[in-house]
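Here is a quick walk around the ligand, the pockets and a couple of backbone oddities. Have a look at the model first, then read on.

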Amino acid sequence: MNGRLQNINARRLKNMTKKTIFKKIIDHEIPADIVFEDDICMAFRDVNPQAPVHILIIPKKEIASTNQLTKDDTELLGHIYTVVVPQLVDEFKLSDGYRLVTNCGNNGGQTVYHLHFHLLGGRFMSWPPG
Ligand code: AMP
């Protein structure tokens, strides 16, 4: 293998093994405004809020995106939808409605490759998204 290819492969490997910003938040290496935490997941305020309430819900397990979900993650997803979301909806008084979205991949607008759910509320949201 030539030197240039070796460099590219080394860089790819480094990126693949590099901690995402969300993993650093899970490990409490960088600060976040954490609003929920248990053994399975964590929720914190988005640094660039798009609504009066904008919370990111993430699993502690490292899953890059919805494309990497398997049947083993059924319980984890159920926990997020039936335990974490209702608790946050109640706590942040989102009974008028909210949006729960996951961006996947480049066309989906995903920028952080650690699975996350945006919980947005506190204002009316139009459809479709841009
Ligand atoms: P997405 O574009 O769906 O991957 O969403 C990533 C989200 O993470 C964006 O809404 C960012 O504003 C948010 N974000 C990035 N870094 C941080 C951070 N350190 N703390 C909180 N939210 C962050």
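In this predicted model, α2 gives the most to the shell around the ligand, with 3 residues. Helices such as α2 are DSSP runs of H or I with at least four residues, strands are runs of E with at least two, and both are numbered from the N terminus. Two elements give two or more residues to that shell: α2 (21-26) and β2 (41-45).

The shell holds 16 residues, and Asp-46, Asn-103, Thr-111, His-116 and His-118 come nearest to the ligand. To count as near, a residue needs a heavy atom within 4 Å of the molecule. By class, the shell splits into 7 nonpolar, 7 polar and 2 charged residues. Here Ala, Val, Leu, Ile, Met, Phe, Trp, Tyr, Cys and Pro are nonpolar, Asp, Glu, Lys and Arg are charged, and the others, Gly among them, are polar.

Now for some polar contacts, meaning pairs of N or O atoms within 3.5 Å. Each row below pairs a residue with an oxygen atom of the ligand.

| Residue | Atom on the residue | Distance to a ligand oxygen |
|---|---|---|
| Thr-111 | backbone N or O | 2.7 Å |
| Val-112 | polar backbone atom | 3.0 Å |
| His-116 | side-chain N or O | 2.9 Å |

On its own the ligand has 510 Å² of accessible area, and the protein covers 83% of that. Such areas come from the Shrake-Rupley method with a 1.4 Å probe.

Which pocket does the ligand sit in? The ligand is in the second largest one; sitting there takes more than half of its atoms within 2 Å of the pocket's grid points. A pocket is an open set of points on a 1 Å grid over the protein atoms alone, where a 1.4 Å probe fits and protein lies on both sides within 12 Å along at least five of seven lines; lining residues have an atom within 4 Å of a point.

The ligand's pocket has about 330 Å³ of space, a volume being what probe spheres set on the points fill. Its lining counts 19 residues, with Phe-22, Asp-46, Val-47, Leu-56 and Val-112 nearest the centre. α2 and β2 are the elements giving two or more residues to this lining, and α2 gives the most, with 3. The lining divides into 10 nonpolar, 6 polar and 3 charged residues.

The largest pocket has about 380 Å³ of space. Of its 14 lining residues, Arg-99, Val-101, Asn-103, Leu-120 and Pro-129 are closest to the centre. The elements giving it two or more residues are β4 (98-101) and β5 (117-121). Its lining has 6 nonpolar, 6 polar and 2 charged residues.

Last, the backbone. Most residues other than glycine have a negative phi, and most peptide bonds are trans. His-28, in the loop between α2 and β1 (34-37), has a positive phi of about 55°. The bond from Trp-127 to Pro-128 is cis, with omega near 5°, and Pro-128 is in the segment after β5.

A note on the numbers: residues count from 1 along each chain as its sequence is written, and side-chain values use heavy atoms, leaving out hydrogens and water. Local features need pLDDT of at least 70 and side-chain atom pairs pLDDT 80 or more, while totals for chains, interfaces and linings use all residues.

Key: A polar contact is a pair of N or O atoms within 3.5 Å; within protein, one must be able to donate a hydrogen and the other to accept it, and residues adjacent in sequence count only if both atoms are side-chain atoms.
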